[in-house]
Structure formats: C-alpha cells, structure tokens
Amino acid sequence: MGDRLNSEYRQNFRNTVTSTMYMMRFVVNYNKLYIIISVLLTIINAAFSIVYTVFPGLIISELVSDITRMNRILLYVCVLIMSPVVSTLLNSSMNKYLTRVRMDLSIKLEVDFYKHLALMDYETLENPDIQTMKGRAAETLEGAVGVTGQLINLLGTVISLAIISGIIITLNPLVVLLIILTIYVNSLITKWINKKQYICGQEVSKNSRKLWGFSYMLENFHFAKELRLFHINDFLVKKVTENHNDTNKIRLNLLQSQNKASILSSIINSIEQLSLY
C-alpha cells in the first residue's frame, strides 16, 4: 500500500514538473523578451530586498564601532532611503510593459487555440475524451502565463534566500537550521490545509451541481407551468436553502481549519523569532 502511494506521488510530481516545463516552453516560444525582462526585474527586486535586510545592520555596526565613519553611514543611509524610490519607479515602468505583453500573449494563445479547434475534423471533435482534453487544454492556456510569472518570482525568492543564508551561516549556522526546521513544519501545515481545501472543493462542487438543477427549474420559464401545476415551488426553494446551508457549513469548517493552521503557524514563527533574539 505504501509503495503504491509513493509511486503515485512520484508520478504526480513528475507530471506536475513536466506540465510546468511545457507551459514555460510554450510562453518562451511565444515571447522570449517577456521572460528575459521578467527574470531581470525579479533579480533586481531580490537585490533590493537584500539591501533592506543588510544595510540597517551595517548602519548599526558603524554606529557602535570604536571608530565612527560618517561617510559610510551617510552612504548606507542614502542607499537605504533611495532604494524604495528607485524600486517603485522601476517596477511601475516595467510592470506596465509586462502587463501589456502578458495581455497580448494571453490573447495570442487563445486565438491560436481556437484556430486549432476550427481545423479539427468533426469526428475527432465530438469524441467525449477529446472534449475533456479540450477543456483541460483551455484551462492550461489560461494559467500558462500566470504559472510562468510565479516560477520567475520563485527564482527571486531562492536568490534572496541563498544570499541571506550565506550571510547568516557566517554568523551562526544554528540559525539556518532553525529556519529550515520552521520552514519544514510550516510546509506540513500548508500541506494539511491544502488537503482540507481540496476535499472542501470537491464537496462544494458536488453541492453546486445539485444547486444548479434546483435553481434552474426555479429560474427557467419552461418550468413555470409545472411549478404552479404541481405546487413544487416550496419544495425546490427548500432544497436550494438546504443546499446553501450545507455548502456554508463546509466552508465554515474549512475556515475553522484555516484559523487553526494560522494560529499554529504564528506560534511556530513566534518561537523562531524568540530563539533568534
């Protein structure tokens, strides 16, 4: 049983990586400049985040040292003050361009997708399996640009983490171990809450299908005669209300689980901060 679950997990992980890389190549083939500028902007933002983290410490070190070098302190302060301004101006100008490119790219992907559908023969198109694959392909195209942006942001986070970890290791390696342990525990909490969200999504989806059937009969003119003839209006309204209440209970249970996870994560982060200081 355990071997089968591990095999399924590895297969799902490989499928996720393969699908992600496919979407990345898809976007790269359509617009390489978008990827290049996004990566450069992410690296620059990572550099700014390091400035915000390191430079206050450098200023404090200069102030408490035996020899106070005002020229260095002024330099550090100027860099610290100007960094948010430069970062905001740079991101504002580049994000406007990237947003425009992202919109054009999404339209181009959608147009090519519909052109491909128009060229498919009818016998293939009416196949139920092809219809399912068509829906999945449409969802993949919608998320391709977004996934690419998230991966590029992840790259920036990894760069920042690597540089800051290198600085911390030179001071105290145990701090890095504590941070890694905190990240691992938080990942377990996130995995637990994601599983809860998945189960909740399945239940809500099931209820939504039921709700659509009841509400469709109440809203659609074609059922008006039957509603009055058989006096089933109250019955359908009751079913709609029960369905909404069941869905709300599921969402409230999920919210309660999320609150528990948030509290636990806050406690762990507080313990981490207390240990660091």
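**Exercise 1.** In this predicted model, find which residue forms a salt bridge with lysine 239, and describe where the two partners sit.

*Solution.* Begin with the pair itself: lysine 239 forms a salt bridge with glutamate 242, and their closest N and O atoms are 4.0 Å apart. Next, place the pair in the fold, where both residues belong to helix 8 (residues 233-276) and, being 3 residues apart, are separated by about one helical turn. The spacing matters because an α-helix has 3.6 residues a turn, so residues three or four places apart point the same way. Finally, consider the surroundings: lysine 239 has a relative accessibility of 30% and counts as partly exposed, and glutamate 242, with a relative accessible area of 34%, is partly exposed as well.

**Exercise 2.** Work out which residue pairs with lysine 206 in a salt bridge, and state how many salt bridges the count gives.

*Solution.* The partner of lysine 206 is glutamate 203, with the closest N and O atoms 4.0 Å apart. Both residues lie in helix 6 (residues 173-219), where they are 3 residues apart, about one turn of the helix. Lysine 206 is partly exposed at 37% relative accessibility, and glutamate 203 is partly exposed at 33%. The count comes to 2 salt bridges.

**Exercise 3.** Decide whether asparagine 243 is buried or exposed, and list what it touches.

*Solution.* Asparagine 243 has its place in helix 8. Its relative accessibility is 7%, and because buried means under 20%, asparagine 243 counts as buried. Leaving out residues up to four places away in sequence, asparagine 243 touches Asn207, Lys210 and Leu211.

**Exercise 4.** Take valine 147 and isoleucine 152 in turn, and determine for each the accessibility and the contacts with residues farther along the chain than four places.

*Solution.* Start with valine 147, which lies in helix 5 (residues 128-171) and counts as partly exposed at 22% relative accessibility. Apart from neighbours within four places in sequence, valine 147 is in contact with Thr20 and Met23. The C-alpha atom of valine 147 is also separated by 7.9 Å from that of methionine 24, although the two residues are 123 residues apart along the chain. Turn now to isoleucine 152, which is likewise found in helix 5 but is buried, with a relative accessible area of 6%. With residues up to four places away left out, isoleucine 152 touches Ile35, Ser38, Val39 and Thr42. Between isoleucine 152 and leucine 40, 112 residues apart along the chain, the C-alpha atoms are separated by 9.6 Å.

**Exercise 5.** Check whether the end-to-end distance of helix 3 agrees or disagrees with the span expected from its residues, and locate its bend.

*Solution.* Helix 3 (residues 70-119) has 50 residues, which at 1.5 Å a residue should span 74 Å, and since its end C-alpha atoms are 71 Å apart, the two values agree. The helix nevertheless bends by about 30° at methionine 82, and proline 84 follows within four residues. Among the buried residues of helix 3 are Ile73, Tyr76, Ser83, Leu98 and Phe113.

**Exercise 6.** State how many disulfides a search of the whole structure finds, and compare the accessibility of cysteine 78 and cysteine 200.

*Solution.* The search of the whole structure finds 0 disulfides. Cysteine 78 counts as partly exposed at 45% relative accessibility, whereas cysteine 200 counts as buried at 9%.

Technical notes:
Residues are numbered from 1 along each chain as its sequence is written. This is a predicted model: local features need pLDDT of at least 70, side-chain atom pairs count only at pLDDT 80 or more; totals for chains, interfaces and linings use all residues. Side-chain values use heavy atoms; hydrogens and water are left out. A salt bridge is a side-chain nitrogen of Lys or Arg within 4 Å of a carboxyl oxygen of Asp or Glu. Helices (H or I, at least four residues) and strands (E, at least two) are DSSP runs, numbered from the N terminus. Buried means under 20% relative accessible area, exposed over 50%, partly exposed in between (1.4 Å probe, protein chains only). Contact means heavy atoms within 4.5 Å. A disulfide is a pair of cysteine sulfur atoms within 2.5 Å. The expected span of a helix is 1.5 Å times one less than its number of residues. The bend at a residue is the angle between axes fitted to the seven residues ending there and the seven starting there.
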